[in-house]
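Here is a set of short exercises to work through with the model open beside you. Try each task on your own, then compare your steps with the solution.

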Amino acid sequence: MINFEYTKASSTKTAIDASLKNNNAKFIAGGTNLVDLMKKGITAPQRLIDITALPLKNINSDAKGITIGALVANSAAAENETVKTKYPLLAMALNAGASAQLRNMATVGGNIMQRTRCSYFYDITMPCNKRNPGTGCGAAEGYNRMHAVFGASDKCIAVHPSDMCVALAALNATVNISSSKGDKKILFTDFHRLPGDTPELDNNLQAGELITAIHIPANNFNKAYYLKIRDRLSYAFALVSVAVALEVKNGIIKDVSLAMGGVAHKPWRLTAVEKFLIGKTASQQVFKDAAAMAMDGATTYEHNTYKIKLGKAAVLEALTKAVV
Ligand SMILES: Cc1cc2nc3c(=O)[nH]c(=O)nc-3n(C[C@H](O)[C@H](O)[C@H](O)COP(=O)(O)OP(=O)(O)OC[C@H]3O[C@@H](n4cnc5c(N)ncnc54)[C@H](O)[C@@H]3O)c2cc1C
């Protein structure tokens, strides 16, 4: 057994201060990812800072948007009336994740920070540059059915596993962060990183920084759909997922946001497809043309070439279901 210190923080400041006292410290919220990683020997923090007593469990909304505290449970966010009525894409994505029991424990901050489900990352007998930099990428030459088709590098082809994050990327959310230097915000699409030469870094959160909330700006989207394609209907990560939000007026697409999950190291916005769709009629032919370009620029590996056809079909289905 590997020993670690445990401390329960009573304020944001004490949590941040405690994390700065040990550079191998980790915050723990619901524990649904971190405890698994510790049990499997993938990570071994010397200090755990329990943040569950911090006052980060509120959901506040006004004309400018909605702010959801980092410690709000995934289930509570999905069941919130404002989320369901004004940001239904987020509710759909949250409900597509994990299982009911896990969603009751999992927090918004922990969901953003969850690590990849690449099987080579989880198997400590295999090489993995993300778990152990410099050892190689087992997946690149191995069984890579779940892996990235966009933005990968020769160091890592893992994907980000979250459903919630795909919706947040589409909804132009920001991540609110506190540290000893003060507060800051990072645009959600800039929060997670591509692997490049440093796949051990999943995101741009720095040591001593605590996620306090996410903010979603108000929008005029009147159609939304989250489609998740997976091996089982519950308790399975996305092979491919699509988050779509549209503003359609008199049959014309005034605005659209499209993001995919299961295809990259971060939620993947389809900006070229969005540009193509704006101003066009919300019709099957237009959606087919949009889907045909959705996977442009993708690079596949031995076992995941199916993601090209699946990705296009998923974009078409998500757009179609959003407008019915
Ligand atoms: C069997 C199983 C199936 C799952 N299926 C899905 C799925 O289909 N879709 C999906 O999206 N997810 C899925 N998940 C993942 C689940 O959503 C995450 O485990 C959960 O969201 C993590 O939240 P947590 O509060 O438990 O985080 P923890 O495990 O407590 O922490 C995870 C990480 O986040 C960091 N952290 C937590 N809070 C903060 C904060 N406020 N600021 C900074 N860092 C923080 C911790 O230090 C740690 O590194 C599944 C998990 C399991 C176990």
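**Exercise 1. Place asparagine 33 in the predicted model, decide whether it is buried or exposed, and find the side chain that it contacts.**

Step 1. Start with the secondary structure: asparagine 33 sits in the loop that runs between β2 and α2.

Step 2. Next, take its relative accessibility, which is 11%. Buried means under 20%, so asparagine 33 counts as buried.

Step 3. Now look for a partner. The side chain of asparagine 33 makes a polar contact of 3.3 Å with the side chain of tyrosine 122.

Step 4. Check the partner in the same way: tyrosine 122 has a relative accessible area of 16%, so this residue is buried too.

**Exercise 2. How many aromatic pairs does the structure hold, and what geometry does each have?**

Step 1. The count is two aromatic pairs.

Step 2. One of them is formed by phenylalanine 121 and tyrosine 122. Their ring centres are 5.7 Å apart and the planes meet at 80°. Planes over 60 degrees apart count as edge-to-face, and that is the class of this pair.

Step 3. For the other pair, phenylalanine 150 and tryptophan 268, the centres are 5.1 Å apart and the planes lie at 5°, so the rings are stacked.

Step 4. Ask what this stacked pair connects. Phenylalanine 150 belongs to the loop between α9 (138–141) and α10 (164–170), while tryptophan 268 belongs to strand β12 (residues 268–269); the pair therefore ties together parts that are 118 residues apart in sequence.

Step 5. Finish with accessibility. Phenylalanine 121 is buried at 1% and phenylalanine 150 is buried at 4%, whereas tryptophan 268, at 22%, is partly exposed.

**Exercise 3. Describe the surroundings of the ligand: which residues come nearest, and which polar atoms lie close to its own atoms?**

Step 1. There are 34 residues around the ligand, and those that come nearest are Phe27, Gly31, Thr32, Thr107 and Asp163.

Step 2. Inspect the polar atoms. Threonine 32 places a polar side-chain atom 2.6 Å from a ligand oxygen atom. Aspartate 163 has a polar side-chain atom 2.7 Å from a nitrogen atom of the ligand. From alanine 236, it is a backbone N or O atom that lies 3.4 Å from an oxygen atom of the ligand.

Step 3. Turn to area: the ligand taken alone exposes 970 Å², and the protein buries 94% of that.

Step 4. Sort the shell by residue type. It divides into 17 nonpolar, twelve polar and five charged residues.

Step 5. Sort the shell by element. At least two residues each come from β2 (25–28), α2 (34–39), α7 (108–113) and β8 (210–217). The most come from α7, which gives four.

**Exercise 4. Where does the ligand lie with respect to the domains, and why?**

Step 1. The protein chain is divided into domain 1 (1–54) and domain 2 (223–323).

Step 2. Taken over C-alpha atoms, the centres of domain 1 and domain 2 are 37 Å apart.

Step 3. Both domain 1 and domain 2 give residues to the shell around the ligand, so the ligand lies between them.

**Exercise 5. Which two asparagines have a positive phi, and where are they placed?**

Step 1. Recall the background: most residues other than glycine have a negative phi.

Step 2. Asparagine 172 has a phi near 55°. Its place is the loop between α10 and β6 (174–179), and at 36% relative accessible area asparagine 172 is partly exposed.

Step 3. Asparagine 250 has a phi of about 50°. This residue lies in the loop between β10 and β11 (252–261) and, at 81% relative accessibility, counts as exposed.

**Exercise 6. How far apart in space are valine 273 and methionine 295, and phenylalanine 237 and glutamate 200?**

Step 1. Valine 273 is part of helix α12 (residues 271–277) and is buried at 2% relative accessibility. Its C-alpha atom is separated by 9.6 Å from that of methionine 295, 22 residues away along the chain.

Step 2. Phenylalanine 237 lies in the loop between β9 (223–229) and β10 (240–249) and is partly exposed at 32%. From C-alpha to C-alpha, phenylalanine 237 and glutamate 200 are 21 Å apart, with their positions 37 residues apart in sequence.

Notes
Residues numbered from 1 in each chain as written. Predicted model: local features only at pLDDT ≥ 70, side-chain atom pairs only at ≥ 80, totals over all residues. Heavy atoms only, no water. Near = heavy atom within 4 Å. Polar contact = N/O pair within 3.5 Å; in protein donor to acceptor, adjacent residues only side chain to side chain. Areas by Shrake-Rupley, 256 points an atom, 1.4 Å probe, with all protein chains shown as cover. Nonpolar A, V, L, I, M, F, W, Y, C, P; charged D, E, K, R; others polar. Domains from an automatic or database assignment. Phe/Tyr/Trp six-rings, centres within 6.5 Å; stacked < 30°, edge-to-face > 60°. Buried < 20%, exposed > 50% of the residue type's maximum accessible area, 1.4 Å probe, protein only.
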